[in-house]
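Reader: I would love a close look at the part of this chain around the annotated active site. Could you walk me through that part, and then show me how the rest of the chain is arranged around the picture?

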Amino acid sequence: MAVYLDVIWLLNLCFDALLLWLTAIMLKRDVVWWRVLAGAFIGSLLVVMMFTPFSLYVQHPVIKVFCSFLIVFTAFGFKRIRYFLENLFAFYFATFTVGGGMVAVHYFLQREIDIHRGMLTTYSLGVGDPVSWMFVLVGFPALWLFSRARINGLREKKLRFEHIVDVVIVFDGRPLSLKGLIDSGNQLYDPISKIPVMIVEMEKVKEVLPEELVQQLRLETALDGPNHPVFEKWMHRLRIIPYRVVGSEQQFLIAVKPDRIMIFYERQWLEVEKGLVGLNETKLSTDGEYECIIHPKMVQRGRKLTAS
C-alpha cells in the first residue's frame with residue numbers, strides 16, 4: 001500500500017493545531033495563530049520522523065515528553081512555571097480526551113485498530129485515518145463557532161457594567177468630543193440596514209451641524225423636503241428610527257449618519273465602521289456625567305485604530 005506522507009503530515013498538523021486551539025479555549029487563553037501553527041508544526045514533525053532511521057529515538061517516552069514541552073512553549077510561551085504547567089496539563093487532557101473519543105468512534109464503526117511501533121494504526125487508505133479527518137473537518141468549525149460565541153458572551157457580560165468612555169463623532173469634517181455611556185439597554189437599530197444607533201443630546205450636536213438643519217429637525221419638518229441648499233447635502237444622511245418606551249405608544253427618532261465614530265475603550269481607540277447618531281431633545285444625564293448613550297454593538301464590532 002502506498003503511503004502519502006505529505007497528506008499524513010498535513011492531517012497531523014491540523015490535528016495538533018486543533019488540540020492546541022482546544023487547550024486555549026479550555027484555559028481561556030488568547031489564540032495567537034502563528035504560534036499555534038508553529039507548535040502544531042513541531043508536533044507534526046514527529047510523524048514524519050517515524051518514517052526515518054530516527055524512528056526508534058522518536059518513540060522514546062522522554063523524547064515525546066520533551067516534544068510536548070516544546071509544543072506548549074511555542075504555542076503559549078512561558079510567563080511563569082504555573083502558567084506553563086497549566087497549559088501543559090490542559091494540552092495532555094485535550095489530547096487524551098480527543099484520542100479516547102477517536103478510539104470510541106472506531107469501535108462504534110467497528111473499524112479495526114492496532115498499536116504498531118508506538119503508533120495507533122488503522123486499516124485504511126494511505127492518506128490518513130478517515131476518523132481523524134472527520135475530527136479535523138468537524139472540530140475546526142465547531143471550535144470556531146464555540147470560541148466566537150464565548151468571546152461575544154464575555155464581552156457582552158463585560159459591557160453590562162456601566163462604562164463612561166470618550167467619544168469623538170465627526171460631521172462634515174467637524175469633530176465633536178463627548179462623554180458616552182455604554183448601555184446594554186440601548187438596542188436601537190435602523191430597521192432597514194440594521195445599523196446600531198447611538199443616542200446623542202441635540203444640544204451637543206448642534207455645535208457641529210448647520211443651524212438651519214437643527215431648527216428643521218426640532219420642528220420635525222426636515223423629512224418634508226424643504227427647498228434649502230443645506231438639506232440637499234444632508235437629506236441622504238437622515239434616517240427615521242422607530243422605538244417604543246414602556247407605557248407609551250411607538251415613537252420615532254431622527255438619526256444622522258456621521259463621517260466617523262471613534263470610541264476610547266480599554267485604553268485604545270476603536271472606530272465604528274457602521275453607526276448612526278440618534279438626536280434626543282432631552283438631557284440624557286441630570287448631572288452631566290455623559291452626553292450620549294452608546295450601543296454595545298458599536299464597541300463589540302469596533303475596529304482598533306493603529307498609529308500611523
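Author: Happily, and let me start with the whole chain. The chain has 10 helices and 12 strands; these are DSSP runs, numbered from the N terminus, with at least four residues (H or I) for a helix and at least two (E) for a strand. Please keep in mind that this is a predicted model, in which local features need pLDDT of at least 70 and side-chain atom pairs count only at pLDDT 80 or more, while totals for chains, interfaces and linings use all residues. Residues are numbered from 1 along each chain as its sequence is written, and side-chain values use heavy atoms, with hydrogens and water left out.

Of the 308 residues, 40% count as buried; buried means under 20% relative accessible area, exposed means over 50%, and partly exposed is in between, using a 1.4 Å probe and protein chains only. The accessible surface of the chain is about 18,500 Å², and 61% of that belongs to carbon and sulfur atoms; such areas come from the Shrake-Rupley method with a 1.4 Å probe, and for residues only the protein chains shown count as cover. Among contacts between residues at least 6 apart in sequence, 64% join residues at least 24 apart, where contact means heavy atoms within 4.5 Å.

Now to your site. An unreviewed UniProt entry lists Asp-183 under "active site"; UniProt positions are given in the numbering used here, feature names are shortened, and annotations may be inferred rather than shown by experiment. Asp-183 sits in the loop between strand S4 (174-182) and strand S5 (197-201). Is Asp-183 buried or exposed? Neither label fits, because its relative accessibility of 26% makes Asp-183 partly exposed. Leaving aside neighbours within four places in sequence, Asp-183 is in contact with Ile-293, Ile-294 and Pro-296.

Those partners lead us to His-295, in the loop between strand S11 (292-294) and helix H10 (296-300). With a relative accessible area of 0%, His-295 is buried. The side chain of His-295 reaches the backbone oxygen of Asn-186 at 3.5 Å and the backbone nitrogen of Lys-297 at 3.1 Å. Not counting residues up to four places away in sequence, His-295 touches Asn-186, Gln-187, Leu-188, Tyr-189, Pro-196 and Val-197.

Ile-294, another partner of Asp-183, takes us inward. Again leaving aside neighbours within four places, the contacts of Ile-294 include Val-165, Val-167, Leu-181, Asn-186, Met-198 and Ile-263. Ile-294 is also one of the residues with the most contacts inside the largest nonpolar core, which has 31 residues; Ile-169, Phe-171, Met-198, Val-200, Ile-261 and Ile-263 are the others named. A nonpolar core is a set of buried Ala, Val, Leu, Ile, Met, Phe, Trp, Tyr and Cys residues joined through side-chain atoms within 4.5 Å. Strand S3 (residues 163-171) gives the most to this core, with 4 residues. Apart from this core lies another, of 17 residues, among them Leu-13, Val-36, Ile-71 and Phe-91.

One more polar spot deserves a stop. Arg-237 is in the loop between helix H9 (229-234) and strand S6 (238-244), and at 16% relative accessibility Arg-237 counts as buried. The side chains of Arg-237 and Asp-259 are joined by a polar contact of 2.8 Å; the term means a pair of N or O atoms within 3.5 Å, where within protein one must be able to donate a hydrogen and the other to accept it, and residues adjacent in sequence count only if both atoms are side-chain atoms. Arg-237 is also in contact with residues including Asp-172, Ala-255 and Val-256.

Finally, the helical part. The unreviewed UniProt entry places "transmembrane region" at residues 6-25, 32-51, 57-78, 90-110 and 130-147. The end C-alpha atoms of residues 57-78 lie 27 Å apart, and the span is 82% helix and 0% strand. Ring pairs link Phe-69, Phe-78 and Phe-84 into a cluster; rings of Phe, Tyr and Trp (its six-membered ring) pair if their centres lie within 6.5 Å, and planes under 30 degrees apart count as stacked, over 60 as edge-to-face and the rest as tilted. A search of the whole structure finds 4 aromatic pairs. Phe-69 and Phe-84 form an edge-to-face pair, 5.7 Å centre to centre with 70 degrees between the planes.
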